[in-house]
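Q: I have a model open and would like to learn how to read cavities and helix packing in it. Can we walk through it together?

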Amino acid sequence: MMFKLGPFSLPCRPLHALAMILLVAGCSSPESVEQRLARAEQLQAAGDLRAALLELKSVAQDVPESLPARRMLAELYVLVGDGASGQKEVERAIDLGLEPGLARRLLAKSLILRREMQLAIDGIEAVDGWEQQAALVALYGEARLNMGELARAKIYFEDALKLDNAQPDALLGMARVAAIEGEFDKAAEYVASTLAVVPSDGEVHLLKGYIAERQKEWSAAQEAYQEAAKLNPFKLDGTLGYVRGALELKQFTEADAALNSAANRFANDARLIYLRALSRYLQRDADAAIDLFQQVLSLEQQHAMSQYYLGILLYDKGDLEQAERLLHGFLARYPNQLGAIRILASIQLRRHEPEAVLELLSNTTVEQDNDPQVASLRASALMAMGKIDDGIAELQRAVEFAPQDKLAQANLTLAQAQTGKLDDLVGRLQAESDREVDTAESALWLVSVYLSKEQWDKAVGLIESLPPAKQNNVLVHNALGMAHAGKENWAQARAAFNAGLALAPESTLIEQNLASLELSTGDLEAAAKRIDRLQASASEKDTRVLTLAARLATIRGEHDDAVLLLEKVRLRDPSDFSSRRTLAAMYLERGRNEKALDAAREAVQLRPSDGPTLVYVTEALNKLGRLEEADVVATQATAIAPDLFLAQYFAGTIKMRLGRFADAQPYIERALKTADPTNTDVLATAAFNAMQLGDTEQARTYLSRLQELEGDTTRTLDLLGDLAVRDGEFDTAIQHFSGAEAREPSAATAAKLNQTQMRAGKIDEALAGLKAAHENYPRDVTILILLATLYESRGDTVDALASYEKAIAIDANSTVALNNAALLKISTGQIGALAMARQAYELAPEDANVIDTYAWVMAKSGQPADSLRFFAEAEGLSKDMEQPAEASFQYHYAIAEILAGERQSGVDRLRQLVGSGAPFPERADAEKQLPRFEAALK
């Protein structure tokens with residue numbers, strides 16, 4: 001299949017008439033079909049369903065008309081729960097003469113597995129006398145049960161058991177009904193009866209495990225689930241049940257082993273990832289748990305329990321906005337969950353939303369209302385609204401509920417401190433300890449809270465409320481200096497620090513704060529002298545001095561020195577976040593992307609919810625070409641920091657690089673909203689993405705704004721040319737591309753210009769332009785491919801192939817060149833086509849065009865039987881091809897089937913293709929050959 005290059009369709013080239021090859025000889029297998037089927041039965045009996053399935057698929061492929069193989073394959077697909085494949089094999093077996101009774105049962109079971117309940121019911125009802133066939137009555141009940149019709153289902157299961165008291169589907173159905181109704185003892189009895197009939201049915205063991213789990217018989221549940229997993233390795237439910245039991249029993253080693261084993265086969269199953277996350281959570285591995293819960297939510301956005309646990313973890317990490325969003329989502333499903341209510345109320349308090357807290361807590365139950373933590377949260381909200389006395393009364397009520405609750409007592413203490421009742425604060429602290437508590441020490445405890453929350457005025461106010469004698473304390477002066485520095489009251493901050501230094505001349509803490517203040521105010525000479533003194537006396541472990549020195553070097557423009565200093569901090573202090581984030585930014589500026597990635601990832605491990613750091617990780621991965629990884633991190637960054645422009649911009653542009661333009665659109669739109677209005681990069685990006693989505697009007701709006709801001713730059717003209725091509729205005733596009741090329745010559749612009757000339761029918765101009773471009777850019781693969789395509793359109797196969805081969809010599813992984821060269825070689829009867837097509841397939845194994853080429857070349861090279869597997873692989877993907885490519889694919893497939901001996905199928909496909917009227921390059925040949933093929937069938 002010929003490729004497309006860039007945004008334009010290349011001209012289709014005619015193919016030579018096919019040389020028909022008839023295969024009359026074959027190879028005999030060393031084993032008979034009967035022996036291979038017997039081995040499949042043995043494997044199934046031994047519990048190795050995977051190997052049995054592979055054996056049966058192999059037999060069915062080698063001997064498609066084997067009824068026993070098709071029947072066994074259909075039965076096994078149904079057993080492992082693959083309804084779609086089961087239905088396909090049943091239908092094939094019916095064509096081969098499958099016994100009608102078995103066919104009906106297997107077809108009904110397949111439809112039920114596919115959740116096509118009404119189709120299953122209709123099919124059963126169409127069978128004469130089905131009400132007297134126990135198996136069909138049981139399946140009818142199963143379909144009704146899956147539709148939620150519990151009472152009706154139970155009647156049919158009972159009717160089936162009257163006809164056959166050992167009918168396994170009916171026994172299992174009764175067990176499920178009993179379990180749904182909460183009658184677990186009765187359900188267990190039915191399960192035991194079912195196992196007596198079908199001891200190796202994984203579904204029965206699954207239900208046995210579920211019943212034991214609901215009765216909290218964890219060991220029994222694990223045993224049943226383990227057996228279910230063994231009997232059906234294609235289904236994850238057994239492993240999940242086993243792991244739930246292991247986590248309940250705190251058997252973490254066993255749980256993790258089972259999860260890791262299953263991860264190889266079910267890597268993207270949200271249920272598996274959730275249990276992995278829960279295991280890490282229970283083992284207090286917070287960072288790993290956060291990552292895994294986020295993976296679950298990327299697969300299932302409303303997964304309630306992941307929202308709950310991730311909300312707790314992010315709350316602990318200080319990411320209040322994300323934690324609040326997640327907990328709101330969880331409480332929408334489970335509105336009375338006390339733990340989530342407590343945390344959400346705490347978040348709302350920290351976000352200064354006391355009214356929201358009171359509204360949230362107004363819906364609590366009586367039991368929750370008497371919870372000391374709920375009372376404390378309500379009290380904090382009341383005091384934040386200025387209702388101090390009501391708040392303290394609520395806290396006193398909380399202490400009465402739980403006299404030993406330290407949190408309630410601490411909240412009462414904090415309330416007294418915030419209302420200025422320092423004597424009450426000291427009295428309470430003294431009552432809780434055997435020693436005398438210093439008032440300044442008690443106040444500093446609260447000041448530190450204010451400083452951490454950047455509540456500078458509160459910190460200053462509390463310090464100034466202390467008795468004068470207590471204010472003259474080194475730590476108090478330092479705290480006051482920090483509060484004034486936070487307010488950028490530099491003179492008052494300096495005075496406070498100097499007062500502290502007068503009391504403790506050797507205090508390195510105050511010296512460091514003074515150095516930081518001098519850097520902030522631009523007094524670099526004084527800062528340098530102070531930092532030199534600090535470095536002379538600092539210990540190896542004091543990384544803050546190194547950080548100050550790095551900050552000074554950065555301000556002076558001594559970036560290499562700054563990097564060396566920050567690397568020392570990074571080496572000495574594994575918990576220092578700031579050094580790692582700063583290093584990531586500096587390495588990115590210098591193009592040292594691997595180092596940037598390492599530093600940024602270390603920073604993310606320390607603060608998983610820091611949006612800018614995640615952007616650094618994204619940028620590094622993007623520059624390294626690791627787009628799939630970058631996409632995951634970029635999306636995570638947008639969730640954590642939705643208002644961060646670069647997070648939205650990178651998320652959008654990376655999805656664009658991956659070809660996912662529709663996915664990119666919402667991120668690009670948010671980037672436009674959060675960007676500086678004069679940011680032309682995001683406008684250009686938005687215009688390009690709109691064009692890829694076919695929204696030319698929106699693209700034109702963006703380009704108009706871009707032109708206003710930067711004029712007719714190379715970029716603007718290039719995008720205008722793209723837009724004109726999409727509108728079919730080739731002359732206008734040529735004018736724009738020519739203008740862009742004149743301003744800033746490049747291979748990319750030359751390629752667009754010459755390709756547009758080809759589209760406009762200006763072949764001579766295009767050829768001359770491409771030859772000139774090749775001279776200017778002799779190693780540009782795109783130019784060579786365009787040149788080859790133009791030569792082909794003129795019938796010059798020699799020069800076309802030479803150009804393709806030059807492109808391959810420059811880029812051995814050019815899928816386009818390999819694909820097209822392979823087609824050209826096979827059509828002209830030259831050697832080497834199959835090797836080229838195979839290499840293209842290995843580079844792009846999921847591209848329908850490439851698979852089509854590989855299969856077609858294989859068929860034309862004397863291997864039509866082998867080619868059918870690849871045609872079948874590409875058939876589903878071919879639906880995404882544009883015409884006439886999809887029609888050509890069907891033509892190739894039909895001819896390959898005929899050459900491989902599957903003549904009826906091939907002729908049917910070819911007849912349908914010709915009858916469709918679809919245009920494609922090989923149509924004349926198809927119309928000519930069809931009568932001959934039809935005659936040969938007769």
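**Reading a cavity and a helix pair**

A: Sure, and keep in mind that this is a predicted model. Let's start with the walls: the largest cavity is lined by G202, E203, L206, A228, A229, N232, K235, D237 and G238.

Q: Which elements give two or more residues to that lining?

A: Those are helix 11 (202-214), helix 12 (218-231) and helix 13 (237-248). Helix 11 supplies the largest share, with three residues.

Q: How many of the lining residues are nonpolar, polar and charged?

A: Sort them by class and you get three nonpolar, three polar and three charged residues.

Q: How much space lies in the largest cavity, and how many cavities of 30 Å³ or more does the structure hold?

A: The largest cavity has about 50 Å³ of space. Counting those of 30 Å³ or more, the structure holds three cavities.

Q: Now the helices. Are helix 43 and helix 44 roughly parallel or antiparallel?

A: Look at the crossing angle: over 145 degrees counts as roughly antiparallel. Here the axes of helix 43 (residues 714-726) and helix 44 (residues 730-743) cross at roughly 160° and come within 8 Å, so the two helices are roughly antiparallel to each other. The crossing of helix 43 past helix 44 is left-handed.

Q: Which residues make the contact?

A: From helix 43, look for T714, L717, D718, L720, G721, D722, A724 and V725. On helix 44, the partners are F730, T732, A733, H736, F737, G739, A740 and R743. By class, this contact has eight nonpolar, five polar and three charged residues.

Definitions and conventions:
Residues are numbered from 1 along each chain as its sequence is written. This is a predicted model: local features need pLDDT of at least 70, side-chain atom pairs count only at pLDDT 80 or more; totals for chains, interfaces and linings use all residues. Side-chain values use heavy atoms; hydrogens and water are left out. On a 1 Å grid over the protein atoms alone, a cavity is a set of points where a 1.4 Å probe fits but cannot get out, and a pocket is an open set with protein on both sides within 12 Å along at least five of seven lines; lining residues have an atom within 4 Å of a point. Grid points are joined across faces, edges and corners, and a volume is the space filled by probe spheres set on the points. Helices (H or I, at least four residues) and strands (E, at least two) are DSSP runs, numbered from the N terminus. Ala, Val, Leu, Ile, Met, Phe, Trp, Tyr, Cys and Pro count as nonpolar, Asp, Glu, Lys and Arg as charged, and the others, Gly among them, as polar. Axes are lines fitted to C-alpha atoms, for helices over the stretch in contact, and angles run from 0 to 180 degrees between N-to-C directions. Angles under 35 degrees count as roughly parallel, over 145 as roughly antiparallel, 65 to 115 as roughly perpendicular and the rest as oblique. A crossing is left-handed if the near helix is turned anticlockwise from the far one by less than a right angle, and right-handed if clockwise. Contact means heavy atoms within 4.5 Å.
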